[in-house]
Amino acid sequence: MQAERDLLVRFVFPELRERCARRRLHVIDVDLRWGVTEQESQHGGKLEVCLDEIERCRPFFVGLLGERYGWIPPSYSVPEGPGYEWVDRIEPGHSITALEIYHGVLRDPAIQARAIFYYRDPAYVAQLPVDQRVGYEAESPEAADKLAKLKAEVRAHCPVRDYSAPDQAFERMVLEDLWAAIDRSYPDQAAVEDSLAIERSFHEAFLEARARLFLGRSDTIQALNAYVGGNRLTPLVITGGPGAGGSALMAALARSLPSEGSDQWVLSHFVGISPESSRVNHTVRRLWHEIAERFSLQGQPPDDGQKLPDKCTRTSSTASERFSLMYRTRTPFEFHRPPTRRAPSPSYAG
């Protein structure tokens, strides 16, 4: 199944992550054949690790079955306790793959509708060179019989899709099947139609993705929180080269600041993550619209780009006075037009 795995990792999951990011969902793919150390396998811990990973990956399960039944452990070595008791009651001779399917799907009717299995056409093996078929053919007649029974049991309880080869048709089929399952479980709450909401969705998705990548540096976050909560009027500039983690730091800072349900409101803008986010006038218009919507202010920003910064400044001052917001800079919006150049890559929040 190496070709299938390559298609999933290189094409299917990246596309799923991109689609899900628009809904502020995160996709984490776990391959049960990766990440089990040699030491765990030698000490019989492989089954335990795989079953635990399945529990962490609820509620979706993807099964790929060809002509091989899989490795059969000499014994089922799992800890005693809840979640493993069924292993002691099942007869010996099942492969790791079969045990994973029983644990992840067949023993849990609630998951069966969210599991998708893909059966590769046996004719695919016949097309391979003779010296390569050993990795695709059944291990023995007994293994072939066990696999046939497993496939029949799965087909009786779960959606099953047949495919001819690991190609673009297979890739597209898995992508759309998984997206349909995710869409049913996590539907789009509202259709995004207006330009402000579309722009906001770009920044929220980027913030969510970068905040998840941030680890450690609690002292830096504390220092930044102290600055935000302090009385200093001077601007704070955070600099760093590409890949230094500036975007993740700013996203984590925005996440750490109280917003909903408090008297503090955080508005984040990341340069370069949407088609318009690098344009100065567009950025100022977005700031104006966000402030006006958040505090129910009337009016429209001027069409003249030269008047935008002043209008945005006065709108911010009005919101600050009306709602007693923390507002510390005497000239909060001062823009300097840089020389014409390429739009920067995703950078830090403002």
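**Histidine 203, its helix and the buried cores**

Histidine 203 sits in helix H10, which covers residues 195–212; here helices (H or I, at least four residues) and strands (E, at least two) are DSSP runs, numbered from the N terminus. The model is a predicted one, in which local features need pLDDT of at least 70 and side-chain atom pairs count only at pLDDT 80 or more, while totals for chains, interfaces and linings use all residues. Residues are numbered from 1 along each chain as its sequence is written, and side-chain values use heavy atoms, with hydrogens and water left out.

With a relative accessible area of 2%, histidine 203 is buried, a term that stands for under 20% relative accessible area, with exposed meaning over 50% and partly exposed in between (1.4 Å probe, protein chains only). Leaving aside neighbours within four places in sequence, histidine 203 is in contact with Ser268, His269, Phe270, Ile273, Ser274, Ser277 and Arg286, where contact means heavy atoms within 4.5 Å. Leucine 267 lies 64 residues from histidine 203 in sequence, yet the two C-alpha atoms are 9.7 Å apart in space.

One of these contacts, Arg286, leads to helix H13. Two packed helices are described by the angle between their axes and the distance between the axes. For H10 and H13 the angle is about 100° and the axes are 11 Å apart; axes are lines fitted to C-alpha atoms, for helices over the stretch in contact, and angles run from 0 to 180 degrees between N-to-C directions. H10 and H13 are therefore roughly perpendicular to each other, given that angles under 35 degrees count as roughly parallel, over 145 as roughly antiparallel, 65 to 115 as roughly perpendicular and the rest as oblique. On the H10 side the contact is made by Leu196, Glu199, Arg200 and His203, and on the H13 side by His282, Arg286, His289, Glu290 and Glu293.

What should the 15 residues of H13 span at 1.5 Å a residue? The expected value for residues 280–294 is 21 Å, and the end C-alpha atoms are 21 Å apart, which agrees; the expected span is 1.5 Å times one less than the number of residues. Within H13, Thr283, Val284, Arg286, Leu287, Trp288, Glu290, Ile291 and Ala292 are buried. After H13 comes serine 296, whose phi is positive, near 55°.

Turning to the whole protein, there are 14 helices and three strands. Buried residues make up 37% of the 350 residues. Of the contacts with a separation of 6 or more, 73% are between residues 24 or more positions apart.

The three strands form an open sheet in the order S1-S2-S3, with parallel pairing; two strands pair if DSSP finds at least two bridges between them. S1 and strand S3 (160–163) are the edge strands, each pairing on one side only. Neighbouring strands of this sheet are turned by 20° against each other on average, direction ignored. Five bridges join S1 to S2, and valine 62 stands opposite isoleucine 116 in S2. Four bridges join S2 to S3, where tyrosine 118 stands opposite arginine 161. Both faces of S2 are covered, with Ala115, Phe117 and Tyr119 buried on one side and Ile116, Tyr118 and Arg120 on the other. Helix H9 (residues 168–185) lies across S1, S2 and S3, and runs at about 165° to S2.

In soluble globular proteins, nonpolar side chains tend to be buried together. In this model the largest nonpolar core has 30 residues, and those with the most contacts inside it are Leu47, Leu51, Ile101, Phe117, Leu150 and Val154; such a core is a set of buried Ala, Val, Leu, Ile, Met, Phe, Trp, Tyr and Cys residues joined through side-chain atoms within 4.5 Å. At least two residues of this core come from each of helix H3 (46–56), strand S1 (61–65), helix H4 (85–89), helix H5 (96–106), strand S2 (115–120) and helix H8 (141–157). H5 provides the largest share, seven residues. Apart from this core lies another, of 17 residues, among them Leu8, Ile116, Val174 and Trp179.

H5 is mostly covered, with eleven of its eleven residues buried. The cover over those residues includes H3, S1, H4, helix H6 (109–112), S2 and H8. Within H5, isoleucine 101 touches Phe61, Leu65, Leu106, Phe117, Leu150 and Val154, not counting residues up to four places away in sequence.
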